[in-house]
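Good morning, and thank you for coming. Please take a moment to look at the sequence and the structure before I begin.

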Amino acid sequence: MNQITHENFHIETDVLIIGSGIAGLSLALKLAINHKVTVLSKSAINEGSTSYAQGGIAGVLDPFDSIEAHVNDTLTAGAGLCDPKAVAVVATHAGETIQELIQLGVPFSKEQNQNAQNSEFPFHLTKEGGHSHRRVIHAADHTGKSVADTLIKTVKHHPNIQILPEHISIDLILHPKSKECMGAYVLNKLESQVYSIKAQFTVLATGGASKAYLYTSNPDTSTGDGIAMAWRAGCRITNMEFNQFHPTCLYHPRDRSFLISEAVRGEGGILRLPNGYAFMQDYDKRADLAPRDIVARAIDQEMKKHGIDCVYLDISHKDPDYVKNHFPTIYKRCLAVGIDITNETIPVVPAAHYTCGGIHTNLDAKTDITRLYAIGETAYTGLHGANRLASNSLAEGLVFAKIAQCSIEKAFAQNKPFDQSFQPKPWDTSRITDAKEKILVSHDWDELRRVMWDYVGIVRTDKRLKRALQRIRNLQKEIYEYYCQHTLTSDLLELRNLAMVAELMILSAQKRKESRGLHYNLDYPKLSKRAKPTILDPKKLFKAPKPCKKTRH
């Protein structure tokens, strides 16, 4: 590993990557060939959303498929809001980045057909909702974990990569004159000590913000940290009203956040009411293979119409061995709570799953701030539009990691001036105290997520959004006052970020006077004639709070 200095709680590195998912780790491996890289992980290095991704990675790998078809499927799912250039870039380059993972040793599932085993491409491809072809490569139903494990193993053995687990970012460091990004302040959670990390380039790869909702398929790390930090620093944020709700999360008192992969419906799973009726045929000609926004709204409507707590996903008509081989993780997880999916239906409900908006970037992964990049779920590239096509997220992370690498390498080669003499101010902890009670943090955390679930969920109204904004802003005042007065903790930093991102979601939803994709407002049920992204500019909207009375830095 590369050596970094810890003098006066200060670290210096060439590139700081905040986040250890598929985007961050892929970029780290590419840049580490020529540069010293520091990877920040707010928890254990394998605890990001990548490890929880079950379905797979979309890419044109079948000779009977085409890039044009992948582009068209993505544009259709995105409901008119995708950036065609971004879609073309990902569809064109996804296949080659998948080949890089194969070379790294990711154990993708092989085609069981013996004749196919001898072909040049022996891997099994599945078809998921919204796709017109089989183009999703997977490692059984634990693709994300298999990819993450492979990347982590490779990163750990690279001499130019320093991994800092259990370090959560606080805020970006901007040069006082040029306003370039110079790194970030971070909290070492194990030592309760704040460090400044100075870097020539900083990359936000912090994932999404689905933890803003009461029910989510995401791990606890999905608190919108990168989006909130970028907004506070001056970056535009785009399309935050589009939060994808995965239609099928396990509904069980002993396991409420486990995702039942899109691939189950892709391989023939049928959504049913308690009486067995297959209701998706009433909502879309594609039935159970309709895009996620349509399926999630259909389930939500059926639950409200019939007063039921869940619907049921049925794969029991398939051969038991087929089910066990294709979905071993889901089979074992459901069996652990007493559900045998080979002969029983799976109770499911929608849950917040993926943030389609994020930090506004160009097609070089650059943000509005010089020397600051954003990739993966935390970034808005224009790929997803108003709704993400299944399994495009991991592909986007891989492709834009490669794009960011090329852009950063080009900047290094141009030898653009970097103020080596600049030193961040030390973090001031002399006038803060340890909190005597932590009830405010836990209470505000619960209230925020419930407000978002009740008022900014799958179906919205202007009245609900207005009420949500009032409550979230009241929470922000409490949180900021607490932040100024007390010792930093991971929970406090995440709550601060989540409250800010929740406000951005609501403001974005209020600006969209139509229903499109993942955003459905009963007051504006029709599509606008012109589709355009919702761009929030901090220069126009963000009012920085008054400086903490007990100054931090």
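I shall speak about strands first, then salt bridges, and finally cavities.

Please note that this is a predicted model, in which local features need pLDDT of at least 70 and side-chain atom pairs count only at pLDDT 80 or more, while totals for chains, interfaces and linings use all residues. Residues are numbered from 1 along each chain as its sequence is written, and side-chain values use heavy atoms, with hydrogens and water left out.

Let me begin with the strands. Helices (H or I, at least four residues) and strands (E, at least two) are DSSP runs, numbered from the N terminus. Two strands are said to pair if DSSP finds at least two bridges between them.

A small open sheet is a convenient place to start. In what order do its three strands lie? The order is S3-S5-S4, with antiparallel pairing. Strand S3 (57-58) and strand S4 (125-126) are at the edges with a single partner strand each, so one side of each has no neighbour in the sheet. Between S4 and strand S5 (residues 136-137) there are two bridges, and Leu125 has Ile137 in S5 as its bridge partner.

Next, consider S7 and S8, which are joined by seven bridges in the antiparallel sense. Leu174 is partnered there by Cys181 in S8. The two strands form a hairpin with six residues between them, and Lys179 in the turn has a positive phi of about 65°. Is S7 mostly covered or uncovered? Seven of the eight residues of S7 are buried, where buried means under 20% relative accessible area, exposed means over 50%, and partly exposed lies in between (1.4 Å probe, protein chains only).

Further along the chain, strand S13 (residues 311-314) runs antiparallel to strand S12 (residues 270-272), with three bridges joining them. Here Leu271 has Leu313 in S13 as its bridge partner. S13 also pairs with strand S14 (residues 346-355), again in the antiparallel sense and over three bridges. In that pairing, Tyr312 stands opposite Pro347 in S14.

I turn now to salt bridges. A salt bridge is a side-chain nitrogen of Lys or Arg within 4 Å of a carboxyl oxygen of Asp or Glu. How many does the model hold by this rule? The count is 26 salt bridges.

I have chosen three of them. In one, Lys189 meets Glu166, with the closest N and O atoms 3.4 Å apart. This pair links distant parts of the chain, 23 residues apart: Lys189 is in the loop between strand S8 (181-188) and strand S9 (193-204), and Glu166 is in the loop between strand S6 (161-164) and strand S7 (167-174). Lys189 is partly exposed, at 28% relative accessible area, and Glu166 is partly exposed at 22%.

Another joins Asp293 and Arg297, at 4.0 Å from N to O. These residues are four apart in helix H8 (residues 292-306), which means that about one helical turn separates them. Asp293 is buried, with a relative accessible area of 8%, whereas Arg297 is partly exposed at 22%.

A further salt bridge connects Glu503 and Arg473, at 2.8 Å from N to O. This pair also links distant parts of the chain, since Glu503 lies in helix H14 (residues 490-511) and Arg473 in helix H13 (residues 462-485), 30 residues apart. Glu503 is buried at 14% relative accessibility, while Arg473 is partly exposed at 37%. Elsewhere, salt bridges that share partners join Lys30, Glu96, Glu100 and Lys402 into one network.Finally, the cavities. Rolling a probe the size of a water molecule over the atoms shows where empty space is left. On a 1 Å grid over the protein atoms alone, a cavity is a set of points where a 1.4 Å probe fits but cannot get out, and lining residues have an atom within 4 Å of a point. Grid points are joined across faces, edges and corners, and a volume is the space filled by probe spheres set on the points.

There are three cavities of 30 Å³ or more. The largest has about 60 Å³ of space, and its lining includes His138, Asp141 and Phe327. The second largest has a volume of about 50 Å³. Which helix gives the largest share of its lining? That helix is H8, with three residues. Asp293 and Arg297, the salt-bridge pair described earlier, are among the residues lining this second cavity.

Definitions and conventions
1 Å grid on protein atoms, 1.4 Å probe; cavity = no way out; pocket = protein on both sides within 12 Å on 5 of 7 lines; lining within 4 Å.
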